[in-house]
Amino acid sequence: MERSTLLTMDPGAGSPMLGLARAIQLSVAPVFLLTAIAGLLGVISNRLARVLDRAQRLQSVTDEAMDLALLKRRMTLLTRASEAVTTTGVLVAAVVAVTFISAIAVIDLTAIVVPLFVVAMVSLMVGLLTLLLDARVSARLIRRRF
């Protein structure tokens, strides 16, 4: 075969191993996104733990009712953010799985991958916006104190 023909040939056409290599290449970018999602979940979990610790300290003090209400609001927001970001992780993992299957089986599953990825990004935006709302409630709580 000519060199130019080899360069333009479908990588999966030569051997199953090349098809596998292509599948792994297509799956790498979403895997980096999963790493970022894991980091974000860590941030949300730490914030939620701080809220819970503060709420436990204030529970015995009756004049801190407003603070407790804000802490309950933060807890709700952080739980929702965690749920949205976790959903994003599941959807991105599904994108990786479908992309991998598509590359290995040489089937066009774009009609599945695109909506999954779009829903994953919407879910990530919901999680980030909910985290932003928590930051605003947290700032309100700090302003009340100082």
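A salt bridge here is a side-chain nitrogen of Lys or Arg sitting within 4 Å of a carboxyl oxygen of Asp or Glu. Keep that in mind for the close-ups below, which all come from a predicted model.

**View 1. Asp134 and Arg47 meet in a salt bridge.** The gap between their side chains is 2.6 Å, N to O. This pair ties together distant parts of the chain: Asp134 belongs to helix α5, while Arg47 belongs to helix α3 (residues 16-58), 87 residues away. So how covered up is each partner? Asp134 counts as buried because its relative accessibility is 0%, whereas Arg47, at 24%, counts as partly exposed.

**View 2. Arg74 also pairs with Asp134.** Here too the salt bridge spans 2.6 Å, N to O. It's another link between distant parts of the chain, with Arg74 in helix α4 and Asp134 in helix α5, 60 residues apart. Both Arg74 and Asp134 are buried.

**View 3. Arg47, Arg74 and Asp134 form a network of salt bridges.** Put the two earlier views together and you get these three residues linked up. How many salt bridges does the count come to? Two.

**View 4. A handful of arginines make a positive surface patch.** The members are Arg73, Arg80, Arg136, Arg140 and Arg143. Helices α4 (65-105) and α5 (110-145) each chip in at least two of the residues. Which helix gives the largest share? That's α5, with three residues.

**View 5. Arg140 up close, in helix α5.** This arginine is one of the patch members. Is Arg140 buried or partly exposed? It's partly exposed, because its relative accessible area is 40%.

Conventions: Residues are numbered from 1 along each chain as its sequence is written. This is a predicted model: local features need pLDDT of at least 70, side-chain atom pairs count only at pLDDT 80 or more; totals for chains, interfaces and linings use all residues. Side-chain values use heavy atoms; hydrogens and water are left out. Patches are made of residues with over 30% relative accessible area and no salt bridge: like charges are joined within 9 Å, nonpolar side chains (Val, Leu, Ile, Met, Phe, Trp, Tyr) within 5 Å. Accessible areas come from the Shrake-Rupley method with a 1.4 Å probe; for residues, only the protein chains shown count as cover. Lys and Arg count as positive and Asp and Glu as negative; His and the chain ends are not counted. The place of a charge is taken as NZ of Lys, CZ of Arg, CG of Asp or CD of Glu. Helices (H or I, at least four residues) and strands (E, at least two) are DSSP runs, numbered from the N terminus. Buried means under 20% relative accessible area, exposed over 50%, partly exposed in between (1.4 Å probe, protein chains only).
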